[in-house]
Amino acid sequence: GACLNFVLVARYLENIFVVLAKSTKDTSIIAICMLKYTQQSPINARRSDSMKFTFTEKKIEVGGDIRAYAERKVGKLDRFFKGESDAYVTFSAERGRYRAEITLKNNGMFYRVSELTGDMCASIDSAVASIERQIRKNKTRLEKKLREGAFEREAKAVDISGVAEEE
């Protein structure tokens, strides 16, 4: 009820800020309003607390909309991690093609991907898809290894208890 209404109002306000940003030349006031809005919104509270972003630009100047797009896409990967994680996103241009490099650090594990396409948004999308595959593959491998290890430990425990009863 009330939570859904708040979400709808928050999305409506976010759309108003985007329209204002496109229609006015003085974006500093709108940026301050957006900053206050995002800091107070419970929708963005989890994402800002659990993943820190660092953006780097090499031989290219990217706008705030591309940064926001990358933050939104990479921020969705946060659901795979329990604790706080760091995201390093690097934008670069090479011979008319755009490269997006994403490095995620969580709990001592690093996931890194680099994608080169003709469009920066396509590079970000492709990099996020690749890094998501990496994370899923690694988590599945670790879970499988843990399951096998747990089964072996149970079998050994049964064997030891059987020997103790015979003596």
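User: Which residue in strand 4 does A100 stand opposite?

Analyst: The model is predicted, and in it strand 3 and strand 4 pair in the antiparallel sense, with nine bridges between them. In general, strands of a sheet pair through backbone hydrogen bonds, in either a parallel or an antiparallel way. In this pairing, the residue of strand 4 that stands opposite A100 is E115.

User: In the hairpin of strand 3 and strand 4, which residue takes a positive phi?

Analyst: As a rule, most residues other than glycine have a negative phi, so a positive one deserves attention. The hairpin leaves two residues between its strands, and the one with a positive phi, near 55°, is N107.

User: Does F110 count as buried or exposed?

Analyst: F110 is found in strand 4, where, apart from residues up to four places away in sequence, it touches T103, L104 and K105. The cut-off for an exposed residue is a relative accessible area over 50%. Because its relative accessibility is 52%, F110 counts as exposed.

User: How many Å apart in space, C-alpha to C-alpha, are F110 and I135?

Analyst: Along the sequence, F110 and I135 are separated by 25 residues. In space, taken from C-alpha to C-alpha, the distance between F110 and I135 is 9.6 Å.

User: Which strands are the edge strands of the sheet?

Analyst: The sheet is an open one of four strands with mixed pairing, and its order is 1-2-3-4. An edge strand pairs on one side only, and in this sheet the two that do so are strand 1 and strand 4.

User: By what angle are neighbouring strands of this sheet turned against each other on average?

Analyst: The sheet in question has its four strands in the order 1-2-3-4. With direction ignored, the average angle by which neighbouring strands are turned against each other is 15°.

User: About what angle does the direction of helix 4 make with that of strand 1?

Analyst: Helix 4 packs on the sheet, where it touches strand 1, strand 2 and strand 3 (97-106). Set against the direction of strand 1, the direction of helix 4 makes an angle of about 140°.

User: In strand 2, which residue is the bridge partner of K58?

Analyst: Strand 1, which covers residues 51-58, runs parallel to strand 2, which covers residues 85-94, and eight bridges join the two. Within this pairing, M51 has S85 as its bridge partner in strand 2. For K58, the bridge partner in strand 2 is S92.

User: Is the β-α-β crossover from strand 1 to strand 2 left-handed or right-handed?

Analyst: Strand 1 and strand 2 run parallel. Between them the chain passes through helix 4, residues 64-75, and the resulting β-α-β crossover is left-handed.

User: Why is the pair of F55 and F91 stacked?

Analyst: A search of the whole structure finds three aromatic pairs, among them that of F53 and F55, which is stacked with 6.0 Å between centres and 5° between planes. For F55 and F91, the ring centres are 6.0 Å apart, and planes under 30 degrees apart count as stacked. The pair is therefore stacked because its planes stand at 5°.

User: How many residues apart are F55 and F91?

Analyst: F53, F55 and F91 form one aromatic cluster. The pair of F55 and F91 links distant parts of the chain, since F55 lies in strand 1 and F91 in strand 2, and their separation in residues is 36.

User: What relative accessible area does F91 have?

Analyst: Under 20% relative accessible area, a residue counts as buried. F91 is therefore buried, because its relative accessible area is 0%.

User: Where is K59 found?

Analyst: K59 is not a glycine, although its phi is positive, at about 60°. With a relative accessible area of 80%, K59 is exposed. K59 is found in the loop between strand 1 and helix 4.

User: What relative accessible area does R95 have?

Analyst: R95 is also not a glycine, and has a positive phi of about 50°. Its place is in the loop between strand 2 and strand 3. R95 is exposed, and its relative accessible area is 86%.

User: What percentage of the 167 residues of the protein count as buried?

Analyst: The secondary structure comes to five helices and four strands, which run α-α-α-β-α-β-β-β-α from the N terminus on. The accessible surface is about 11,800 Å², and 56% of it belongs to carbon and sulfur atoms. Of the 167 residues, the share that counts as buried is 29%.

Conventions. Residues are numbered from 1 along each chain as its sequence is written. This is a predicted model: local features need pLDDT of at least 70, side-chain atom pairs count only at pLDDT 80 or more; totals for chains, interfaces and linings use all residues. Side-chain values use heavy atoms; hydrogens and water are left out. Two strands pair if DSSP finds at least two bridges between them. A crossover is right-handed if, with the strands pointing away from the viewer, the path from the first strand over the helix to the second runs clockwise. Axes are lines fitted to C-alpha atoms, for helices over the stretch in contact, and angles run from 0 to 180 degrees between N-to-C directions. Contact means heavy atoms within 4.5 Å. Buried means under 20% relative accessible area, exposed over 50%, partly exposed in between (1.4 Å probe, protein chains only). Accessible areas come from the Shrake-Rupley method with a 1.4 Å probe; for residues, only the protein chains shown count as cover. Rings of Phe, Tyr and Trp (its six-membered ring) pair if their centres lie within 6.5 Å; planes under 30 degrees apart count as stacked, over 60 as edge-to-face and the rest as tilted.
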